[in-house]
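Take a walk through this model, starting at the ligand and moving outward. Keep the structure open as you read.

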Amino acid sequence: MTPDETSAAGAQDEQAEKPVFDPDQLALIPETDRRWSWVEVDLSAIRHNVGVARSLIKPSTRLLAVVKSDAYGHGAVRVAKTALQSGANYLAVATVDEGIKLREGMVGAPIVLLSEPPATAAPLLLAYKIMPSIYTPEFAIAYAEKADEYGIRAPFHLAVNTGMNRIGVRYDNVVDFMRKVSFHRALDLVGTFTHFATADCEGTLDFGIQVKRFTEAISALREVGIDPGIVHCANSAATVRYPQVHFDMVRWGVSLYGLHTCQETRSMINLKPAMSVHARITDTRTLPMSEGVSYGLNYRSPGSVKICTVPVGYADGLNRGLSGRTDFIVDGTRVRQVGNICMDQCMFEVDLRTYGTRRRLDPQIGDEVVIVGRQGDSVVTLDDMANKLGTIHYELACAFGMRLPKVYV
Ligand SMILES: *Cc1c(COP(=O)(O)O)cnc(C)c1O
């Protein structure tokens with residue numbers, strides 16, 4: 001533009017009505033009308049799975065809902081509230097900020113942080129009533145002194161290392177540890193716990209060793225007059241498979257979300273998966289034989305196929321390692337994902353030929369696609385995907401929860 005033209009445009013701007021976008025009106029456009037992909041979380045499944053845990057434990061046993069990593073990708077505040085309303089009494093998170101998010105979401109139940117944060121985070125723990133796990137004297141003292149400064153108690157759970165060797169005071173050292181720190185009057189031992197490395201595995205030898213070490217540690221505390229508080233060790237797998245280790249509380253994690261920890265539990269309990277992943281088709285094309293699709297053009301059209309695009313990519317949790325190896329569901333029928341999965345989009349193939357009695361699919365822009373979940377008689381599970389990738393469904397659930405909006409039903 002010449003200077004003349006610029007000033008003319010400026011003058012025009014002043015004359016023209018400035019468009020007014022009402023932020024409240026804009027906010028009314030739902031996330032699923034902004035981008036055609038979403039995670040659906042079935043809260044009745046969460047309720048059901050809490051009920052399953054409740055049916056496995058004694059009424060007097062506490063039920064802790066593990067809602068770390070945004071409730072395994074399902075949305076921590078909604079899941080926590082639902083779980084607490086349907087029989088859970090306690091919550092666990094992995095980070096200080098996850099605990100704060102729950103408090104800001106008006107969640108009032110006891111929250112335990114499953115590790116020790118930096119001592120500099122102690123004021124946050126106290127302000128938001130998040131109980132840390134403790135296993136170093138330095139942290140214990142720093143946390144207690146901070147509590148003293150505010151004239152309040154410093155509640156915590158003692159983490160015992162019985163063999164997983166991740167965190168915790170070694171099982172044969174718990175009495176020494178408590179003697180070392182318990183001079184500090186603010187410290188309150190609310191619970192004592194350990195974590196199993198093999199509760200979901202076939203053999204029971206290593207599991208048995210951990211149980212033995214844990215019960216020894218608990219007895220040792222009691223013998224010297226230290227009340228271990230709430231004794232807990234069972235994760236989902238142990239809750240289902242080993243009733244003898246329920247103690248005072250169980251920590252219901254992945255099975256809260258309807259996922260099994262091993263083949264064996266499938267015949268023992270009936271869980272309902274809470275997460276499904278959905279999208280709508282954003283573009284379609286019929287592709288001449290031998291034309292390629294997506295980065296690298298690794299997939300080549302065999303002819304007579306329609307290539308459809310959905311706005312879901314690896315940044316949404318659809319792991320790129322699944323490229324060409326997972327199925328989607330359209331109109332109750334499995335279709336093949338093809339071509340490399342991109343960051344924000346990917347493509348799938350629909351065979352346009354008719355043979356036998358097979359119904360011809362002809363999907364259109366706007367049609368719904370199931371990426372994880374059930375439609376008609378077809379099912380794609382997180383387990384299927386995890387097996388193909390050589391990982392576990394936990395990781396995939398977390399990943400799908402990171403960018404996709406959540407729709408609660
Ligand atoms: C994550 C976690 C759990 C939950 O385990 P699931 O296998 O998901 O039931 C329980 N306890 C601790 C300490 C954890 O870190």
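The model is a predicted one. Start with the residues around the ligand: V66, K68, Y72, L114, R166, H195, N235, S236, R251, G253, V254 and Y394. Sorted by class, this shell holds 5 nonpolar, 4 polar and 3 charged residues. Its members come from well-separated stretches of numbering, with V66 at one end of the list and Y394 at the other.

Where does the ligand sit? Its space is the largest pocket.

Now look at the polar side chains that approach the ligand. S236 places a polar side-chain atom 2.5 Å from a ligand oxygen. Y394 also offers a polar side-chain atom to an oxygen of the ligand, here at 2.7 Å. R251 faces a nitrogen instead: an N or O atom of the R251 side chain is 2.7 Å from a nitrogen atom of the ligand. How much of the ligand does the protein bury? On its own the ligand exposes 380 Å², and the protein buries 93% of that.

Next, leave the ligand and find R222. This residue belongs to helix 10, which covers residues 205-223. Which residues does R222 touch, once those up to four places away in sequence are set aside? They are P228 and V231. Then compare R222 with V175. The two are 47 residues apart in sequence, yet their C-alpha atoms are 9.4 Å apart in space.

Move on to D327, in strand 16, a run of residues 327-330. Setting aside neighbours within four places in sequence, D327 is in contact with R334, V335, R336, Q337, I371 and V380. One of these partners deserves a second look. The side chains of D327 and R334 make a polar contact at 3.0 Å.

Finish with a long span. D327 and V160 are 167 residues apart along the chain, and 43 Å separates their C-alpha atoms. Set that beside the other pair: for R222 and V175, the C-alpha separation is 9.4 Å.

To retrace the route, return to the ligand in the largest pocket. Pass on to R222 in helix 10. End at D327 in strand 16.

Notes:
Residues numbered from 1 in each chain as written. Predicted model: local features only at pLDDT ≥ 70, side-chain atom pairs only at ≥ 80, totals over all residues. Heavy atoms only, no water. Near = heavy atom within 4 Å. Polar contact = N/O pair within 3.5 Å; in protein donor to acceptor, adjacent residues only side chain to side chain. Areas by Shrake-Rupley, 256 points an atom, 1.4 Å probe, with all protein chains shown as cover. 1 Å grid on protein atoms, 1.4 Å probe; cavity = no way out; pocket = protein on both sides within 12 Å on 5 of 7 lines; lining within 4 Å. Sits in = over half its atoms within 2 Å of the grid points. Nonpolar A, V, L, I, M, F, W, Y, C, P; charged D, E, K, R; others polar. Helix = DSSP H or I, 4+ residues; strand = E, 2+ residues; numbered from the N terminus. Contact = heavy atoms within 4.5 Å.
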